[in-house]
Amino acid sequence: MHKKYSLFIGLFYLLLMACGGGGGGGGGSSSTPPPAPLIADDGDSGSDSSADAGESVTCDVPLQIDFVEAVTDSWYLWYDEMAGVDKANYESAQAYLDARLAPLIDDGRDRGFSYMTTITEDETSISSGAYVGFGFRSNSTSAGFFIIDVFESGPAWAAGVRRGMELVAVDTGNGFETLAQLSERGATSEEIFGPREVGIERDFRFRQIGTKAEFSIAKAELSPPALAGEPLLIERSGLAPVGYLHLRQFINAALTPEHGSLSLTDATTFFKEASVTDLIIDLRYNGGGLLSVADTMMDLLAGMTATGEPSFKIQVNDQHPEFNEDRDNWGLFDELPDTFSPIRIAFITSRSTASASELVINGLHPHIDAVMVGGNTYGKQVGQGRWDLHKLVEGLEREDCDVALRLTAFEIVNGENEGGYHQVGLDGTGRFTLCAAEDDISNPFGDPREASVAAALDWFSTGSCPSSVSGNRNGLMAKQRVALPAWLEAEYIPARIDANLR
């Protein structure tokens with residue numbers, strides 16, 4: 001039997017991520033109301049819990065379920081809409097959590113954003129985005145299976161795989177089979193691409209612009225660079241060049257990259273030295289990430305323009321009004337050494353653009369002339385905190401209880417108190433200009449001929465959206481999608497696991 005314990009709260013860092021979120025904190029028991037949460041980025045949280053003297057505490061399922069109950073009752077954003085269930089009926093903390101949140105999951109407000117995880121897995125994800133794979137991101141259409149992004153640090157890039165290639169056949173050990181043949185015999189995703197283990201090898205046959213190429217690629221542990229390629233300058237006659245920056249994810253590596261990759265400060269310094277005033281920021285596949293990284297990015301882009309003004313406000317549920325009123329829980333624009341001041345920004349967006357990406361666009365919009373190019377965003381205005389069980393119960397150590405809860409605990413508005421984009425996307429608010437353009441995989445990121453980049457350049461040139469959607473040059477990606485085998489359903493949607501990472 002578990003003894004009563006009290007949980008003190010500390011939301012110590014926050015993540016806005018469509019595929020799961022990151023942040024930290026504690027929970028609150030019904031007998032001990034929590035104090036106002038603290039916001040810091042050092043990963044420390046306060047705890048004050050107790051158990052009866054002489055009785056050891058084990059990290060078993062009943063304790064985990066008690067932990068989930070305490071945290072959700074106090075901190076879940078829609079706590080008053082949770083289902084009432086008997087926790088004795090559940091054999092895992094995840095099953096209990098899913099049952100409590102069923103009404104919010106069913107209506108689409110909490111689309112896999114709240115879940116049980118481990119501290120180890122979570123810290124690895126938010127730091128570097130590391131995973132085991134070949135190092136490419138894919139998208140399936142009615143016409144086939146296409147590579148849409150290849151990570152510069154991965155084995156696929158080293159082998160020669162590039163954006164725009166179509167995967168036509170795979171050798172799983174018995175010679176090449178086409179995707180149609182693999183589908184017909186019911187091959188599973190793991191059989192085709194192999195388990196997520198270092199050294200697993202596959203032979204791939206790709207097609208691009210009528211030519212075919214074969215690559216033998218072995219899986220490796222890799223950390224996709226936060227920035228896709230290098231920041232670019234697009235020259236214009238008689239005017240300062242247009243800057244181009246592609247950010248894949250708001251992870252720590254965007255600020256402190258590894259393996260010689262570039263950071264956001266490297267990019268803004270580069271643009272400042274080139275006297276850039278018009279900037280393209282490519283967020284088309286960016287599903288979110290750390291709030292601290294989004295905060296820094298906004299400082300780098302508008303720290304001089306809006307010094308001291310709120311860039312965002314964190315709003316938790318109405319059980320903690322003192323939190324919402326505390327300016328320490330707001331972001332404020334701050335001028336950094338590498339801050340520069342673009343006058344206009346064109347954000348390349350899509351339904352894969354979510355959470356922290358949407359926060360940045362929404363936060364900068366009142367201060368910079370901005371437009372969206374591509375498609376509407378996903379619509380995730382909420383973020384998650386992380387609560388670590390071992391920190392909240394006396395006698396538990398991390399090595400004995402590597403258990404954490406990611407919970408939808410807050411929503412974000414900008415400094416003008418504007419939000420309203422959850423589930424409808426930024427375009428759904430009616431506050432943004434959206435210039436429609438296709439995701440043109442036939443050209444590299446940042447190429448002036450790429451449809452979305454071309455539409456952004458047109459907007460800079462004319463001040464209005466192109467009269468017709470550019471980018472239909474790539475008809476394959478524009479075709480309507482059809483039902484495909486499960487292992488081919490790799491179109492990116494913000495989910496707990498990004499199924500298009502291979």
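Helices and strands are taken here as DSSP runs, numbered from the N terminus, and the model to which they belong is a predicted one. In this model, helix α12, formed by residues 451-462, lies across the strands β11, β12, β13, β17, β18 and β21, and its direction makes an angle of about 155 degrees with that of β17. These strands build an open sheet of six strands in the order β11-β12-β13-β17-β18-β21, in which the pairing is mixed. The edges of the sheet are formed by β11 (232-236) and β21 (434-436), each of which pairs on one side only, and neighbouring strands are turned against each other by 25 degrees on average when direction is ignored.

Within this sheet, strand β12 (residues 239-246) runs parallel to strand β13 (residues 278-282), to which it is joined by four bridges, and His246 has Asp282 as its bridge partner in β13. Helix α8, covering residues 264-273, also packs on the sheet, where it touches β11, β12 and β13 and runs at about 170 degrees to β12.

Strand β20 (residues 404-414) is mostly covered, since ten of its eleven residues are buried. Its antiparallel partners include strand β19 (residues 382-388), with which it shares seven bridges, and Gly383 stands opposite Phe410 of β20 in this pairing. Strand β15 (residues 310-315) pairs with β20 in the antiparallel sense over four bridges, with Lys313 opposite Val413, while strand β2 (residues 115-117) does so over three bridges, with Thr117 opposite Ala404.

Side chains of opposite charge can pair when their charged atoms come close, and a search of the whole structure finds 23 salt bridges. One of them joins Glu81 and Arg109 at 2.6 Å from N to O; Glu81 belongs to the loop between α1 and α2, whereas Arg109 belongs to the loop between α3 and β2, 28 residues apart. Arg109 also forms a salt bridge with Asp107, in which the closest N and O atoms are 2.7 Å apart. Arg109 counts as buried because its relative accessibility of 16% is under the 20% limit, whereas Glu81 is partly exposed at 36%, and Asp107 is likewise partly exposed at 36%.

A further salt bridge connects the side chains of Asp278 and Arg236 at 3.0 Å from N to O. Asp278 lies in strand β13 and Arg236 in strand β11, so the pair ties together parts that are 42 residues apart in sequence; Asp278 itself is buried, with a relative accessible area of 4%. Elsewhere, Asp122, Arg386, Asp388, Lys391 and Arg406 are joined into one network by salt bridges that share partners.

Technical notes. Residues numbered from 1 in each chain as written. Predicted model: local features only at pLDDT ≥ 70, side-chain atom pairs only at ≥ 80, totals over all residues. Heavy atoms only, no water. Pairing = 2+ DSSP bridges. Helix = DSSP H or I, 4+ residues; strand = E, 2+ residues; numbered from the N terminus. Axes fitted to C-alpha atoms, helices over the stretch in contact; angles between N-to-C directions. Contact = heavy atoms within 4.5 Å. Buried < 20%, exposed > 50% of the residue type's maximum accessible area, 1.4 Å probe, protein only. Salt bridge = Lys/Arg side-chain N within 4 Å of Asp/Glu carboxyl O.
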